[in-house]
Amino acid sequence: MKLGSPAAARLLESAPDAMVVVNQHGEIALLNLQAERQFGYQRAELVGQRVKDIIPGDFEARLGDGVEAAARQTGAPIQLTGRRKDGSSFPIDVTLSRIDDSHGVAVTLAIRDVTVQQQAQAQLLEKLEELNRSNEDLRQFTYVASHDLQQPLRMVASFTELLSRRYKGRLDADADDYIRFAVDGARRMQQLIEDLLAYSRIGSEGRAMRRVSSEEALRQALMNLARAIEESGAIVTHDPLPAILADKRQLIQLFQNLVANAIQYRSAANPTVHISVARHEPGEWTFAVRDNGEGIEAQHFERIFGVFQRLHNREELFGTGIGLAICKRIVERHGSRIAVESEPGKGSTFRFALPADGQ
């Protein structure tokens, strides 16, 4: 294609970016309307001029010994600085492409103003830095505040429990109620602090993913729940469970929270829980924790995984509303998501995928 042909001119004008053609003498031979607008020149002012008039600095030196060297630099965009007629500068990406003309070799410069992109990137980096600082401040606040609260709370809990044991029935009925309320409140606050600490540590204090027996992790979770299982008469069964890549401590916490949730939100019948597993996708196992509890209405499926989200008031059932939120964060840290299937009166099934061990 000849540089001065109508076809070449139409091709340049149809391009969305500023287009500048440099001939074998290193001079601007052609440019399109976008280039005129971008650099603030009339076309006649640039034709025949050196490219350094609009791209200052070492760009011409980077082109090497003329256009032949430039033609060998085609490929990824080069980040440079453009200069307008009024002297103002702006960031540009320049992509080079070779043209073989009857008069020799030429190079087309596709020039894109990236001011908006760079500003957006800078703002994004600033926001990310602010978010990281905020998350770190929040993590430190949660950790320190929780630890500072625990010691006086232990004292309150110890003395209120002592009052309950020593003076229950020796005062009037109102006093017994007041002591019971104080003991219950201290117990709830202790559990809330422990759950907040567990939630805040999932991302910051997680351990490396290693080969873990999910069956052993479930066994340890059930040992931790032995008292609750015995008192509720719960029956927990499971399929043979595979080895996976996971943070063992968090996997134990995941199983423990889901089984405890099934026991807590049970129906009138004794709770039954079954953990099954299937391999639907290469490289991962999909676990299902099924119970015979009271079930959940569909409009609450997403809500139950939020922090402090409860479907019962505190007088009906003890709990902090953080257990399933912890499950969600653990599963997300392992690169997956957790979902629930349920109907009121027909129990619930929680499903999540975890990476296989690769063997």
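Hello everyone, this is a short walk through the sheet, a few helices and the salt bridges of one predicted model.

A word on the ground rules. Because this is a predicted model, local features need pLDDT of at least 70 and side-chain atom pairs count only at pLDDT 80 or more, while totals for chains, interfaces and linings use all residues. Residues are numbered from 1 along each chain as its sequence is written, and side-chain values use heavy atoms, with hydrogens and water left out.

Let's start with the sheet. Five strands make an open sheet with mixed pairing, in the order β7-β9-β10-β12-β11. Strands here are DSSP runs of E with at least two residues, helices are runs of H or I with at least four, and both are numbered from the N terminus. Two strands pair if DSSP finds at least two bridges between them. At the edges sit β7 (235–238) and β11 (338–342), each of which pairs on one side only. On average, neighbouring strands of this sheet are turned by 20 degrees against each other, direction ignored; the axes are lines fitted to C-alpha atoms, for helices over the stretch in contact, and angles run from 0 to 180 degrees between N-to-C directions.

Inside the sheet, β9 (residues 272–278) pairs with β10 in the antiparallel sense over six bridges. If you want a spot to click on, His274 stands opposite Arg290 in β10.

Follow the chain on from β10 (284–291) and you come to the loop before α11 (323–333), where Ile322 is found. Is Ile322 buried or exposed? Ile322 is buried, at a relative accessible area of 0%. For these words, buried means under 20% relative accessible area, exposed over 50%, and partly exposed in between, with a 1.4 Å probe and protein chains only. Ala198 is 124 residues from Ile322 in sequence, yet their C-alpha atoms are 9.4 Å apart in space.

Now a helix. In α8 (residues 214–224), the buried residues are Ser214, Ala217, Leu218, Ala221 and Leu222. Looking down the axis of α8, these buried residues fall within an arc of 135 degrees, so they line one face of the helix. That arc is taken from the directions from the helix axis to the C-beta atoms. As a reminder, an α-helix has 3.6 residues a turn, so residues three or four places apart point the same way.

On to salt bridges, meaning a side-chain nitrogen of Lys or Arg within 4 Å of a carboxyl oxygen of Asp or Glu. How many does a search of the whole structure find? The search finds 12 salt bridges.

One of them joins Glu231 to Arg227, with the closest N and O atoms 3.0 Å apart. Both lie in helix α9 (residues 226–232), four residues apart, so about one helical turn separates them. Glu231 is exposed at 60% relative accessibility, and Arg227 is exposed at 64%.

Back in the sheet, Glu341 bridges to Arg351, the closest N and O atoms being 2.9 Å apart. Glu341 is in β11 and Arg351 in β12 (residues 348–355), so this pair ties together parts 10 residues apart in sequence. Glu341 is partly exposed at 42%, as is Arg351 at 34%.

Finally, salt bridges with shared partners join Glu13, Glu36 and Arg43 into one network. Within it, Arg43 and Glu36 bring their closest N and O atoms to 2.8 Å. Arg43 is partly exposed at 29%, whereas Glu36 is buried at 12%.

Thanks for listening!
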